Amino acid sequence: MKGCAQFRCTEFYDPASPEFAEAFDSARRLGGEDSTLRTADQSEIALFWEDGPWGITPPGHFLYIAVQLLQERNLSFIELARAFALIGMTQCDSSICAWDTKYHYDVLRPESAIRVRAPKFNNPDPRVVLQPDWRSYIPTPEFPSYTSGHSTFGAAAAEMIALIYGRDDVAFSGRSPDEVIWPQLRGVTRHWTSLSHMAEENGLSRIYGGVHWDVDDSKAMDAGRALARQAFHSTFPRKT
């Protein structure tokens, strides 16, 4: 990155808009602790990618996956060093990119909106209602919502690994590195048909968990991919 605002996302929804009402209703019904809409698989996805600060963290999880995938590519020591430098550096840039957007717009989390702030939005949609007893399925982080750090990390990692690997359509599977924190995941293996499939599942996990709005994920995915592409083509270029 050339500056912290280089990949800053566009503005969040107008809180009085139909788009926000749809996002509010979706978060309330899908991401709640006692949601009847969320499927068992979606609940598992939310826990699998939770990667909280007391666990592996998102960058650690993606470096773990990169080790799994790249060890089979017969790369030289220098090629591996370049690969992990690019992955690690873009994970760092992802945090700068996401947190720049977070604190530029300072958008509240679904839990704060649903439990406390709903009447303040002046949204005419009857679905935007106060629900003081609502809780997110996974712990809500104590910093702004928009955009998703998880989605930025995941999109950047998947794009970078695909560029290094030479393709996106890599089928693979993985176990959770945080099975002590989430004992529900013991013995669980998730399967992906591609690197982008993995990144998309990771991003959606935060919506299933009730800690992000839908646009937090989609905009962050775009930023993460763009960030990785620039880094791959401009940093540590191969000698010809």
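How buried is Ile 114, in terms of relative accessible area? Ile 114 has a relative accessible area of 0%, so it is buried (buried means under 20% relative accessible area, exposed over 50%, partly exposed in between, with a 1.4 Å probe and protein chains only). The legends below start with the whole chain and come back to this residue. This is a predicted model, in which local features need pLDDT of at least 70 and side-chain atom pairs count only at pLDDT 80 or more, while totals for chains, interfaces and linings use all residues. Residues are numbered from 1 along each chain as its sequence is written, and side-chain values use heavy atoms, with hydrogens and water left out.

**View 1. The whole chain, with eight helices and two strands.** Helices (H or I, at least four residues) and strands (E, at least two) are DSSP runs, numbered from the N terminus. Follow the sequence and you get α-α-α-α-α-α-β-β-α-α. The chain has a radius of gyration of 18 Å, close to the 18 Å that the globule rule gives for 240 residues, so it is as compact as a globular protein of that length. That radius is taken over C-alpha atoms, and the rule is 2.2 Å times the number of residues to the power 0.38. The C-alpha trace spans about 60 × 40 × 30 Å along its principal axes, and 49% of the 240 residues count as buried. Take the contacts (heavy atoms within 4.5 Å) between residues at least 6 apart in sequence: 78% of them join residues at least 24 apart. As for the outside, the accessible surface is about 11300 Å², with 54% of it belonging to carbon and sulfur atoms; these areas come from the Shrake-Rupley method with a 1.4 Å probe, and for residues only the protein chains shown count as cover.

**View 2. Ile 114 in helix H5.** Helix H5 covers residues 110–117, and Pro 110, Glu 111, Ala 113 and Ile 114 are buried there. The buried residues of H5 pack against helix H1 (18–30). Leaving out residues up to four places away in sequence, Ile 114 touches Phe 24, Ala 27, Arg 28, Val 129, Leu 130, Gln 131 and Trp 134. Look for Arg 135 too: Ile 114 and Arg 135 are 21 residues apart in sequence, with 8.9 Å from C-alpha to C-alpha.

**View 3. Leu 70 in helix H3.** Helix H3 runs over residues 58–70. Leu 70 is buried, at a relative accessible area of 2%. Its contacts, not counting residues up to four places away in sequence, are Leu 80, Ala 83, Phe 84, Ile 87, Ile 164 and Tyr 165. Between the C-alpha atoms of Leu 70 and Ile 161 there are 8.3 Å, though 91 residues separate the two along the chain.

**View 4. Ser 94 in helix H4.** This serine sits in a helix of residues 77–105, and at 1% relative accessibility Ser 94 counts as buried. Skip the residues up to four places away in sequence, and Ser 94 touches Thr 152, Phe 153, Ala 156 and Leu 227.

**View 5. The pairing of strands E1 and E2.** E1 and E2 (residues 189–192) run antiparallel and are joined by four bridges; two strands pair if DSSP finds at least two bridges between them. In a regular strand the side chains alternate between the two faces of the sheet. Along E1 (residues 172–175), Phe 172 and Gly 174 point to one face and are buried, while Ser 173 and Arg 175 point to the other and are not. Along E2, Arg 190 and Trp 192 point to one face and are buried, whereas Thr 189 and His 191 point to the other and are not. Across the pair, Gly 174 stands opposite Arg 190, and Ser 173 stands opposite His 191.

**View 6. Backbone oddities in the loops.** Most residues other than glycine have a negative phi, and most peptide bonds are trans. Asp 51 is not a glycine, yet has a positive phi of about 45 degrees. Thr 57, not a glycine either, has a positive phi of about 70 degrees. The loop between helix H2 (40–48) and H3 holds Asp 51, and Thr 57 lies in the loop between H2 and H3 as well. Asp 51 counts as buried at 3% relative accessibility, whereas Thr 57, at 28%, counts as partly exposed. Further along, the peptide bond from Tyr 146 to Thr 147 is cis, with omega near 5 degrees. Thr 147 is in the loop between H5 and helix H6 (149–165).
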